[in-house]
Amino acid sequence: MTRLLEHTEGRIAAAIAQIWPRAETTLGPTVTGGSAVRRQVRVDDHAPCATASPAGTALSSVGRGDHGDLAAVLSGADAPGQTQIVDPFVRSAYRRSEHS
């Protein structure tokens, strides 16, 4: 699971850098549940919530290997995941589909 969390944290950091390239960012606590990893983020004076969903499937099924080898799941070859950053100040969501 450590590798899965590191992978999703990297996707969250990449999505934030793409959306707010010059902002000062801090990654906060991580929570897992359902099909996603959620992470509190601070971007300048905003506090959006980041959600990363590897392969669009339940994390428990990824951990059990139901979708094959973890490396294959993380590569997104069969079912790309998605990273979403929700900014409560502007009430909008930024989505970034993963294809790699």
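User: Where is the place of D44?

Analyst: In this predicted model, D44 sits in the loop between β2 and β3. Those two strands form a hairpin with five residues between them, and D44 belongs to the turn.

User: Why does D44 count as partly exposed?

Analyst: The relative accessibility of D44 is 46%. Buried requires a value under 20% and exposed a value over 50%. D44 meets neither condition, so the label is partly exposed.

User: What makes the phi of D44 worth a remark?

Analyst: Phi of D44 is near 50°, a positive value in a residue other than glycine. Most residues other than glycine have a negative phi.

User: Which residue takes a positive phi in the hairpin of β1 and β2?

Analyst: G34 does, with phi near 60°. That hairpin has two residues between the strands.

User: How do you know that β2 and β3 pair?

Analyst: Pairing requires at least two bridges between the strands. β2 and β3 have four bridges, in the antiparallel sense, so they count as paired. One point on this pairing is R39, which stands opposite A50 in β3.

User: What about β1 and β2, in which sense do they pair?

Analyst: Strand β1 (residues 25-33) and β2 pair in the antiparallel sense. The count is seven bridges against a requirement of at least two, so the criterion is met. Here T30 stands opposite R39 in β2.

User: Why is the contact of E9 with R39 called a salt bridge?

Analyst: The closest N and O atoms of E9 and R39 are 3.3 Å apart. The cut-off is a side-chain nitrogen of Lys or Arg within 4 Å of a carboxyl oxygen of Asp or Glu, so the pair qualifies. E9 lies in helix α1 and R39 in strand β2, so the bridge ties together parts that are 30 residues apart in sequence.

User: Are E9 and R39 buried or exposed, or in between?

Analyst: R39 has a relative accessible area of 13%, which is under 20%, so R39 is buried. E9 stands at 26%, so E9 is partly exposed.

User: How many salt bridges does a search of the whole structure find?

Analyst: It finds two. Besides the pair of E9 and R39, R64 forms a salt bridge with D66, where the closest N and O atoms are 2.7 Å apart. That value is within 4 Å, so the definition is satisfied. R64 counts as exposed because its relative accessibility of 58% is over 50%. D66, at 47%, is partly exposed.

User: What makes T8 buried?

Analyst: The relative accessible area of T8 is 0%, and the limit is under 20%, so T8 is buried. T8 lies in helix α1 (residues 2-19). Leaving aside neighbours within four places in sequence, T8 is in contact with V37, A52 and P54.

User: Which residues make up the largest nonpolar core?

Analyst: There are nine: I12, A15, I16, W20, V41, V43, A50, A52 and I85. α1, β2 (36-43) and β3 (49-53) each supply at least two residues of this core. The largest share, three residues, comes from α1. Apart from this core lies another, of six residues, including L4, V62, V73 and L74.

User: What does V43 touch, not counting residues up to four places away in sequence?

Analyst: V43 touches I16, W20, A23, E24, T25 and P48. Among them, I16 and W20 are also members of the largest nonpolar core.

Key:
Residues numbered from 1 in each chain as written. Predicted model: local features only at pLDDT ≥ 70, side-chain atom pairs only at ≥ 80, totals over all residues. Heavy atoms only, no water. Buried < 20%, exposed > 50% of the residue type's maximum accessible area, 1.4 Å probe, protein only. Contact = heavy atoms within 4.5 Å. Core = buried A, V, L, I, M, F, W, Y, C linked by side-chain atoms within 4.5 Å.
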